[in-house]
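Welcome! Take a moment to look over the sequence and the structure below, and then we can walk through some of the features together.

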Amino acid sequence: MTFRLFRSQRQVLKSALLVMALGAALGGCGNPEPSTTETVAAEPAETFRWKMITTWPKNLPALGTVPERMAERIRLMSNGRLDIRVYGAGELVGAFEVFDAVSSGTAEMGNGASYYWRSKLPIAAIFSTVPFGMTAQEMNGWLHYGGGLALWRELYEPFGLIPMAAGNTGVQMGGWFNREINGIEDLEGLKMRIPGLGGEVLKRIGGLPVTMPGSEVFTSLQTGVIDATEWVGPYNDLAFGLHTVADYYYYPGWHEPGATIESIVNAQAWASLPRDLQVILETAVRHANDDMLAEFTARNAQALQTLIDEHGVDVRPFPDDVLAALQAEAESVVAAMAGDDPLQQRILDSHAAFTASVRRYHEITERAYLNARTED
Ligand code: CA
């Protein structure tokens, strides 16, 4: 097909040249030799074979499968020139080693959540989720149209990493508990798997937050190493079987109202890519960002129904006074992050300003609408 098209184009060109030459001859202005167009053989395109390491168990619904689909899409869009193999947590490096491994170039790309790097870079948590903070929709607004992504990239630049938003869970569930939560005192001494700033809030209220990768959550709850755990939402929680080792499923996920998932790319590896592959990669990550939220929205709704109808799960709201107490602590946890570092302060200021602005807007749109819809 390509050859035929080319040949027909050449014939058109030859005819045109012939007419021009004839015209020139008739005009007595010489008889130029018709030139021919020759194809210039393209250099064989370079193929890049990359590794993407993740903080997720292999094939974990959405969190693990979206990066796999993203890599496949990149391979197809680049006609195989950017071929990325995805590794689950522990296959090449442990879940919490992803940041360092991509920074050092052990892998060219990583996928996880920025609050996992809290011990190294506490402020990074702002780019995943903040207790009682922004929703997925609001985070996407801040990151892509409110200056958030530029600040995130500035923060990771000294580590030789380029971060991108690569998904969102939406509002998570409050978690699985083997103790009823009737008042704030029921959180005292509670040993709970809860990462990021949510863990810090729980600690301030007297709880004992534990951070552990997803692969250890089920066994830890089953054996009583922890009294409670949050994980994600019905879709992932059902897949983990958490309903078989806990009595109560509380909502809402005040600690993760819209956790942004991150892709990180080694800056040198990124610089080695031709521009078209950079655009393909960035576009695929942006698509994954949308794809994950869509999958979570659809599958969480189905899985919640399954948990209730087929497994008789006891789904309960946290009492209002418990949520109010947690929110008061959340505000002081975020405020306490302010320090002497100017970049850190700019991140906090940008986040706070956008949050305030979008909350005002969403009070009269998202919230007003959802409240109106629930009225019978
Ligand atoms: Ca979670």
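Does Asp291 count as buried or exposed? With a relative accessibility of 17%, Asp291 counts as buried, because the cut-off for that label is under 20%. Please keep in mind that this is a predicted model. The notes below go from salt bridges to a calcium site, and then on to a strand residue and a charged patch.

**Salt bridges**

- The structure holds 16 salt bridges.
- One of them joins the side chains of Asp291 and Arg69, at 2.8 Å from N to O. Asp291 belongs to helix α10 (residues 275–309) and Arg69 to helix α2 (residues 65–77), so this pair ties together parts that are 222 residues apart in sequence.
- While Asp291 is buried, Arg69 counts as partly exposed because its relative accessibility is 30%.
- Helix α2 also holds both Glu72 and Arg75, three residues apart, or about one turn of the helix. These two form a salt bridge in which the closest N and O atoms are 2.9 Å apart.
- Both ends of that bridge are partly exposed: Glu72 has 36% relative accessibility, and Arg75 has 30%.
- In helix α12 (residues 342–374), Glu363 and Arg367 sit four residues apart, again about one turn of the helix. Their side chains meet in a salt bridge of 2.8 Å, N to O.
- Glu363 is partly exposed at 37% relative accessibility, and Arg367 is partly exposed at 44%.
- Elsewhere, Arg118, Glu200, Lys203 and Arg204 are joined into one network by salt bridges that share partners.

**The calcium site**

- Protein donors lie 2.0 to 2.9 Å from the calcium ion: OE1 of Gln172, OE of Glu230 (listed twice), O of Trp231 and OE of Glu256.
- Along the chain, the donors follow the spacing Q-x57-E-W-x24-E. Gln172 is in the loop between β4 (161–168) and β5, and Glu256 is in the loop between β9 (248–251) and β10 (260–266), so the two tie together parts that are 84 residues apart in sequence.
- Gln172 and Glu256 are both buried.

**A residue in strand β4**

- Met164 is part of strand β4, and its relative accessibility of 3% makes it buried.
- Measuring from C-alpha to C-alpha, Met164 is 8.5 Å from Ile261 in space, although the two are 97 residues apart in sequence.

**A charged patch on the surface**

- Glu185, Glu188, Asp320 and Asp321 gather there in a patch of negative charge.
- Among them, Glu188 lies in the loop between β5 (175–177) and β6 (191–193). Glu188 counts as partly exposed, at 47% relative accessibility.

Note on methods: Residues are numbered from 1 along each chain as its sequence is written. This is a predicted model: local features need pLDDT of at least 70, side-chain atom pairs count only at pLDDT 80 or more; totals for chains, interfaces and linings use all residues. Side-chain values use heavy atoms; hydrogens and water are left out. Patches are made of residues with over 30% relative accessible area and no salt bridge: like charges are joined within 9 Å, nonpolar side chains (Val, Leu, Ile, Met, Phe, Trp, Tyr) within 5 Å. Accessible areas come from the Shrake-Rupley method with a 1.4 Å probe; for residues, only the protein chains shown count as cover. A salt bridge is a side-chain nitrogen of Lys or Arg within 4 Å of a carboxyl oxygen of Asp or Glu. Lys and Arg count as positive and Asp and Glu as negative; His and the chain ends are not counted. The place of a charge is taken as NZ of Lys, CZ of Arg, CG of Asp or CD of Glu. Buried means under 20% relative accessible area, exposed over 50%, partly exposed in between (1.4 Å probe, protein chains only). Donors are N, O and S atoms within 2.8 Å of the metal (3.2 Å for Na, K and Ca); water is not among the atoms, so sites may look incomplete.
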